[in-house]
Amino acid sequence: MVAAPIKSALRITAVDDAAARLGLNAGMALADARAMYPHLKVAEADPHADALLLEAVADWCDRYTPLVGLDPPDGLMLDITGCAHLFGGEAALCRDLVHRLEAQGLRTRAAISDTVGCAWGIARHGKGGVIAPGDTLAALQPLPLAALRLAPETVAALAQMSLKTVADVLARPRAPLAARFGTDLVRRLDQALGRETESIQPRKPLPCYVAEQRFAEPIALEADVLGILERLAGQLAARLEQHGEGARFLEAVLFRVDGKVLRLSAATSRPVRDPALVRRLFADRLSGLGDEADPGFGFDLLRLSVVTAERLDVQQIGFGADDHGDDVARLVDRLGVRFGLASVRRFTTHDTHIPEYATTALPAHLVKEEATAPLLGQDSLAPARPLHLFAQPEPIEAIAEVPDGPPARFRWRRVMHEVAVAEGPERIAMEWWRDADGRTLTRDYFRVEDRDGARFWLYREGLFQREVTHPRWFLHGLFA
Amino acid sequence: MTVYAELAVTSNFSFLRGASHPEELVEQAKALGLAGLGIADRNSVAGVVRAHSAAKEIGLRLAVGARLVFADGTPDILAYPQDRAAWGRLCRLLTAGKRRAEKGDCILTREDLRAFQEGLNLIVLPAEIRAGPLAALLAQLREADPQAVWLGAGMLYRGDDNRRLARLAALAAQAKVPLLAVNDVLYHVPERRALQDVVSCIREHVTLDQVGRRLEAHAERHLKPAAEMARLFRGAPQAIAETERFLSRCRFSLDELAHNYPTELREGYATPQEALVALAEAGARTRYGETIPLKVRRALSHELKLIGELGYAPYFLTVHDIVRFARSRPQPILCQGRGSAANSVICYCLGITDVDPERIDLLFERFVSAERREPPDIDVDFEHERREEVIQHIYQRYSRERAGLAATVICYRGRSAVREVGKVFGLSDDTVGALAKTLWGWSKEGVAAEQARRVGLDPNDARLVQVLQLSQELSGFPRHLSQHVGGFVITDDRLDEIVPIENAAMEDRTVIEWDKDDLDQLKILKVDVLGLGMLSCLRRAFEFLERHYAAPYTIASLPPEDPAVYRMLSRADSIGVFQVESRAQMSMLPRMKPVQFYDLVIEVAIVRPGPIQGDMVHPYLRRRQNLEPVDYHSQELKDVLEKTLGVPLFQEQAMRIAIVAAGFTPSEADKLRRAMATFRRVGTIQYFRDKLIEGMVARGYPRDFAERCFRQIEGFGEYGFPESHAASFALLVYASAWIKCHYPDVFAAALLNSQPMGFYAPAQIVRDAQEHGVEVRPVDVSFSDWDSTLEPLDGEATATLHPRHAAMASDIRTTQALRLGLRQITGFREEDARAIERARGAGFDSIRDLWLRTQLPVAALERLAAADAFRSLGLDRREALWAVRGLRRTGDKDDLPLFAHAAMQEQEPDANLPPMLPGEQVVEDYRALHLSLKAHPLSFLRTELDALGITRHARLADIPSGRRVTVAGLVLVRQRPGSASGVIFMTIEDETGIANTIVWPSVFERFRPIVLGARLISVTGKLQNEAGVIHVVAERITDLTPLLRQLSEAGDELSSLANCDEVRRPISEFRLRPQPARSELRRLLREEPALAEELTAIASVMPKGRNFH
C-alpha cells in the first residue's frame, strides 16, 4: 500500500491486491486504515519514481512505434499507425505488448481503437483489446461516463441526474447537456467517437538545436568527420548565441551507408558554444571508441544536436586577474570525456566542526564554486586550521597541565619537541548522533610552535576526569 | 572562596534555544553553590515566574530580566531591572517590540532601548569584537547611566579565548565599563548538549546531518561552579568578582507584583470590602426575601470575614461586575459560575451562580484557604456564541492597558516530541508515526520492545533508542505561547508594566507572556471567561418559549424538582440533555433513577474515570437499590458521606474524611488532594496512606474500613470531580431536561441551531424529536430560515408519540411544528440563507425568480437543489438540479427575465431524465443534509434483512434476557471509555430505533476492520436486559455495507456517525494532562519534609532531567 500526504493528512494513494481485498482503497485516510488493520505495510508515495518508471516503460515501447505519448500518472499512448503489421497485426501487437509488460511485473491493460478517446476508455473502464473500426460506438455505449476523460465533478453532476453511462448521455439532446455540463462533455464524446480529431503528443522532446549534413559521397576519415562536426557546431553556435544559450549535452549521430547508426554523446560541465571545443570533445570520444567507430563503407549523414542547453550570457573578461575558472572547467571536461566525469574529483568544504570531515573530494562537475561560510562568531585573525591535515591523526606522547593546559613538550615520530608558544584549547566534541554508545571523546586542539619554529596542530583526546582519567594526545596537522 | 553568579542564562522559554527548564537551572545553580542566577530569555520574560518560585523555594538569589536581541545589528544586551519601575520599562520595551512584529517575534532597535533604558542594568555581549562600533555602543549606553553598563566576556573554548579576553578587557578599560564574566549558559548540565543540538535543528528546520556548524562545537555552555569559572578567568579575576556586585544592584523581585487587583469597583463605598458586604446583603434579600435563613446568614458572614482577611473583595467584585454586565444586556447573555469558589453562599447571593448552596454543602476552605493565600478560582461560562461580547466589555471597562488574555504555554507532548525529534534524525514520516505509537511504555529496559517489533521497528536500533530518549527529554518543553481559552488578567497597574504583551494569532486579541500557573504564583487576578454551547442552546430555548408559548423562563425560574423530568431521565430518555446524554450516562440513569436535584449532581460526578476506577459506582448503586446496608462507622463520617450513601464521590468528601476521621487539619487535607493529583501516575503515596489509615485506626475505625476508604479516595485522586463543578453542571442538566421533557419541539430547534455541540448529530436529534411527537418539516426555500424555526401546526397534530415514550403523553405541551433551517444543508453559507430570508416576501415562483431576486451564486442554488429544498415550487431534487444547472448558461442575471424566460425555457427539448427511486432520494438526503425525513435507509432493505433473520430494534424490549439475537443498523456511535478496559460500546440504528451493542476486546480484535470501517453492520450475540437497559453482547459482526449499494450507487458512502467517534481517533489513556508546576512538588516537600524519600524514589524511576507530569 502506498500513502502520501494530501491536504495535511496522510492518505492512501494506491493499494495492492491484498489490501484491496481487505476493502481498502485509494483516498482513505491512512489513520483510518491503520485503525482497522494495525499491521498494514505502507510505503511512502514517490511520484518522482513513478514518473521515472513510466518514462522507462515509454522508452521500452519505442520498440513498437516511435510515437509514444505519456498519459501520467500511469498511462501511455502509442500511435501504431502503420506499425501493427510488423508485429502480425493489431491484436498480436496488443497481446505481445501486454504479455511482455506483465512478464516484467507490471499490471497492464491495453486497448487499440480508431480514436484516442475510445482506446483510453476501453483500456481503463472496459475490458481492453482491439476495437474494430466501426465498433467504436457500440464499444463505448455501456462504459461509465468516467471513460470519457471527464472531470470527476462533471461525472458526479451527471450521476445526480442518473446519467451514468455513455449511452445515457448519447440518448439525450446535446444542447441542454452542453449548457449544463460544459462543452467539454460534448468535445470528449466527439473525440471518443472520432467526430473530432485528436493526436497523440509524442513524448521525446525534439532536440533544441539540430544541424545535419548529407553527403553524396560517403565520408570515412576521422578527420573529415570531425571537420564536419565542427562546421555543424559552428552553425549551431550562431543559433545558440542568438538565444543566449550554450550546450550542456550534445549528441552526434553518424549514419552509416549500410544502415548502422552510431551515436556519440558528450556532456559538458558548463554551457559551451565554441566549435573547436565541441570538436575536441568528439575527437576524444571517437578515439576512445576504437573498433566500434569503424566507418565501414562510410557515413552518408551526420547530425549534431544539442539535447540540453543552458543560459550562457556573454561575460566580460576581468582586467588583469586571471580567470582560471574557465581553464579548470575546460580541464575537467577534457579529463571527464576521457575518464568519465565521475572520476574527476575536486575538493570541497563540508559544513562540520570535525576537522577531518570538513573537506571531501567530490566529482568535479558537481562542485559549484561558492563562498565557504565563515565560522560563526570567529573573529580572530589567526589561520584556524593547518595547511596540511593528516588523514589519520598520529599518536604522540605529551606532557601537559591538567585539565586543559597546552603541552609543554611532546614526542612525535621519536623526536622530542619543546613547546615554545601555544594557543588554545579549541574544544571540539564529536557528533554524538553518529555514535550510539556515546564513547567518542571530546578533543582539545592546540596550535603550538616548538623551539625550532615548527608549528603543529595537536589535540588531547578526552576531557580530563569528565571523560577519561588519562587523556591521549594526537598530532593532527602541520602549519606551513 | 570565589563567589560567582551566572548572569547570562537562557532557559527553554527562549523557544528552541535553551535546553533546560528554569527550575532545573535554579536547582543546579543552588547545587553548585553559585551566589545567584540571572535568567534572561531571548526578548521574553515568559519563564521568569517559574524560576522565581523555584528560587524562592530553595533560597537562591535570582535576578530576572531579558536578553535583548536587536534587529539592527546591535550586539545582544542582557537587561536586568534595578527596581519595580525599571521592570515596568523593560516590559514596555518588550511590548513595543512584540506589538510591531508577527506573533511570537520581537523587533527591537537600539532606539527602543534608549527610550526605556532608565533603571536597567545592561550587560553587552558582543559576538565578535569590532572595536570601533563596540566602543561607540558602550559610550552611548554609559551616557544614560554610567553606573549601569557592563561588558560581558565568556571563555568558551574557541581556541582564541585568552586573546579575546585580553581584547575585551582592554576595550572595557578604555570605555570605563567593568568587565563581567559569563558562561552564556544554554543548559544546566553538559548532558543536555544533545537536546540543545536537537532543538537547534528543529529551529533551523534541518536534520542533524545537514546542520553543520550551526550547532555548538562542544558541551561547554552549562552552569559551572565558581571555582571553575575563576580558573577559566584567571586572566581577569575582576570579571568574576563583578558578578556579585552586579547581582546586588538588581533589587527587583517579582513578589512586588502580587495582589494587583483593580480597586475602582467600589460602588460608592469606601472600600471594596464594604461594597461587597452591601452587594451580598442586597443579593441575599433578592434570593431569600426579607428574612434570610439563619444558616445562610451565618455562612455568609463567615465567608465575608475570610474574604476580608485575605483581601479578595476586589476579586469577587470584578466577577460580579462581569456577570452583571452579561445579564443586563438588552438581550441578556446566559452565564453561570463554576470552579472552586463559585458555589459559595456569596456567589449565590451575588448572582454569579444559581446553585442554591443550601441544596449542597460545600467546604469553603477548599477554595479559599487562609494559609495558602492563593487567589480564589471562579470560572464563568457564557453562551459560546456571545462570549466575545463579554470579552470586549472587559477590554472596554478596564482598557487594554489593564486587561489581557493569559497565555497558555504549548508544550511538546509525547507525539509531537517524537515527531520533531524523528524529523531531526531524518527518519521517514512513516517510521516517525510508528514510533509515536510506541512512545508510552518505552523504557531502556525494553518493556516496549515487543510493542516496537509489532509496528515493525527494531528496538535495539541505537538510533531509535536515541530518538525516543531525546523525545522523552523534550516532552514537557515549552514550544510556543498561545492564548488561554478565556483566562482574563485584570490589574490595577498598567498591564504592560507588569508583563510584556504580544499579539495573538486572532485579530484584535493581545496576550500576555504568562500563563495561569504563573499568575497564580504571583497572585494576580484571573477570571476565566469561557464559552459553553449548552448555554447558547438554553438561551435559544428560552427565546422560543417566550415567543411561541408566552412562557418566560430563566435557569433560576424553571419549576424546581418537577417529577416529570425525573421520570423522563429515569427512562434514559436523555438525547441532547447536557452531560447525561452519553452512552455510559444513559445506561446509568435507569439504575440511578434520579428523583431529586442532588441525584443529578451525583449522576454527573459518578460516570467519570475516577469513581469508575475507584470502584465506587457499584457500591453506590447497590446501596441506592437497598441491596447493601450503608455503614458509616461513626456519626462524623455519616455527616460527610450520608449524601452519597457512604461512598466518597467528590474531592471535597475525601478531604472531609481526612479531617473528621483521620484528624488532618484543613490545610493538610488540601495537601492530600494536591498530592493525589501529582503523585498518582507514579504509584501510591505511602506517607499520606499511612497518615490517613493510622489516623483512622487511632480514632477507632476498623483497619480494613480505613484501607477501603483510602483506596477509594486514591482511586479518584487524579480525576476527582469537585462537588461544586458537579452542582453547576447538574443545574444545566435539570434545565435542559425540563425543556426537553415539556417542549421537545423547542428543545430540538434550540439544539439544532446551536450545532455543533454535544454528542449527537442532527439526524438523531430530529429523530428523537419525531419520536416525542414533534412534526418535523423539511428544509424548503419558501419556508426555511437559516435557523430552524417553529411553525404553528395546521389543525390536529399529525405526528404521534413513539410507544416508548407513551408515558410522557401528558407531560408534553408541544403545539408547534419544527421547520428545519437552511443551516442543515452541508456547506451552505449563512449569508446566502439570510439573502433568501430577506428576498422571500410572499414567496418565489420559480428557481429563476429566486435566483434573480437573491443574486445567489449558482453553487449555492445547487446545494439547495441537492437538499431537495424546492419542493414547494413543485420541483423535486433532480428537476431542481437540472433547472439550476440550466441557469448558468441560458442567460445572464442582467437579462430581462421576461425575454430570457421566453427565449429559453420553452425551446429546450425535454431531457427525459430517469426518475429517482425512493431509496436514492434518501441516500441523497443523507448526502446533502446528513438526515432524511422521508424514510430510514434501512426501511428499503427490510426484506433482505428479514431474510437474514434480523430482529427489528423496536422488538428487543420484548425479548427475554439471555436470548441470542441478530440486529442490524447504521453505525451511530462508537465509544471506548478509557475506564472500561478496552470495551467498545457501539450504537446502531434501524428504522425502528437504536440498539446498543457491547464489543469485548477479543471480539473487537477479530472484527476490527468491520467495527471501524463498516457503515452498516449486523451484530449477533446475547441480549442483556438489566432494568430496561438493553445491550447486545457481540459475538459475531458482519459488514452489510454492500447492501446499501442497492439503494443508490453512492449508498455505501452513506454515513450517520454522530459527533463523537472515540474509537477511530482514540482518546489515549496515557494522554498527558497539563503538567503541574514542578514547584508544586517543591512546595509539598517543604510543607511535608517526610515526603522527601518518596520523592527521590519517584524521581529515580523517571527519565533523567525530565519534568514531572
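These legends walk through several close-up views of a predicted model.

**View 1. Chain A as a whole.**
Let us start with the overall picture of chain A, whose secondary structure comes to 13 helices and 19 strands. Its radius of gyration is 34 Å, well over the 23 Å that the globule rule gives for 480 residues, so chain A is more spread out than a compact globule. Along the principal axes, the C-alpha atoms of chain A fill a box of roughly 100 × 75 × 45 Å. Of the 480 residues in chain A, 40% are buried.

**View 2. An aromatic pair between chain A and chain B.**
Over all chains, the model holds 24 aromatic pairs. One of them brings together Phe181(A) and Trp882(B), with 6.2 Å from centre to centre and 50° between the planes, and this pair is tilted. Phe181(A) belongs to helix H9 (residues 174-181) of chain A and Trp882(B) to helix H39 (residues 877-889) of chain B, so the pair joins two chains. Both partners can be checked for exposure: Phe181(A) is buried at 6% relative accessibility, and Trp882(B) is buried with a relative accessible area of 11%.

**View 3. Two tyrosines on strands of chain A.**
Here the rings of Tyr445(A) and Tyr459(A) have centres 4.8 Å apart and planes at 50°, so this pair is tilted. Look for Tyr445(A) in strand E17 (residues 443-450) and for Tyr459(A) in strand E18 (residues 455-461), both of chain A; the pair therefore ties together parts that are 14 residues apart in sequence. Tyr445(A) is buried, with a relative accessible area of 1%. Tyr459(A) is buried too, with a value of 2%.

**View 4. A cluster of rings in chain A.**
Four residues share this view: Phe390(A), Phe410(A), Trp412(A) and Phe456(A). Ring pairs link them into a cluster.

**View 5. Arginines over tyrosine rings in chain B.**
In this view, the charged end of Arg400(B) sits over the ring of Tyr395(B), at 3.9 Å from its centre. A second example is Arg479(B), which lies over the face of Tyr412(B), 5.2 Å from the ring centre.

**View 6. A salt bridge between a loop and a helix in chain A.**
Salt bridges come to 100 over all chains. In the one shown here, Asp74(A) meets Arg124(A), and their closest N and O atoms are 3.1 Å apart. Asp74(A) is in the loop between strand E4 (68-71) and strand E5 (75-78) of chain A, while Arg124(A) is in helix H5 (residues 116-125); the pair links distant parts of the chain, 50 residues apart. Asp74(A) is exposed, at 54% relative accessibility, whereas Arg124(A) is partly exposed, at 29%.

**View 7. Salt bridges from helix H22 of chain B.**
Begin with Arg539(B) and Glu383(B), whose side chains meet in a salt bridge (2.6 Å, N to O). Arg539(B) lies in helix H22 (residues 533-549) and Glu383(B) in strand E9 (residues 379-383) of chain B, so the pair ties together parts that are 156 residues apart in sequence. Arg539(B) is buried, with a relative accessible area of 11%, and Glu383(B) is buried, with 0%.

Next come Arg540(B) and Glu385(B), joined by a salt bridge of 3.0 Å, N to O. Arg540(B) also lies in helix H22 of chain B, and Glu385(B) is in the loop between E9 and helix H16 (387-398), so this pair ties together parts that are 155 residues apart in sequence. Arg540(B) counts as buried at 12% relative accessibility, whereas Glu385(B) counts as partly exposed at 37%.

**View 8. A salt-bridge network with members in chain A and chain B.**
Salt bridges can also share partners, as in this view. Arg427(A), Asp444(A), Arg460(A) and Arg466(A) are joined with Glu220(B) and Lys224(B) into one network.

**View 9. A nonpolar surface patch on chain A.**
To finish, here is a patch made by Leu331(A), Leu335(A) and Phe339(A), with an area of about 290 Å². Leu335(A) is found in helix H13 (residues 324-339) of chain A. At 32% relative accessibility, Leu335(A) is partly exposed.

How values were computed:
Residues are numbered from 1 along each chain as its sequence is written. Chains are lettered from A and ligands numbered from 1 in the order in which they are written. This is a predicted model: local features need pLDDT of at least 70, side-chain atom pairs count only at pLDDT 80 or more; totals for chains, interfaces and linings use all residues. Side-chain values use heavy atoms; hydrogens and water are left out. Rings of Phe, Tyr and Trp (its six-membered ring) pair if their centres lie within 6.5 Å; planes under 30 degrees apart count as stacked, over 60 as edge-to-face and the rest as tilted. Helices (H or I, at least four residues) and strands (E, at least two) are DSSP runs, numbered from the N terminus. Buried means under 20% relative accessible area, exposed over 50%, partly exposed in between (1.4 Å probe, protein chains only). A charge sits over a ring if NZ of Lys or CZ of Arg is within 6 Å of the ring centre and within 35 degrees of the ring normal. A salt bridge is a side-chain nitrogen of Lys or Arg within 4 Å of a carboxyl oxygen of Asp or Glu. Patches are made of residues with over 30% relative accessible area and no salt bridge: like charges are joined within 9 Å, nonpolar side chains (Val, Leu, Ile, Met, Phe, Trp, Tyr) within 5 Å. Accessible areas come from the Shrake-Rupley method with a 1.4 Å probe; for residues, only the protein chains shown count as cover. The radius of gyration is taken over C-alpha atoms; the globule rule is 2.2 Å times the number of residues to the power 0.38.
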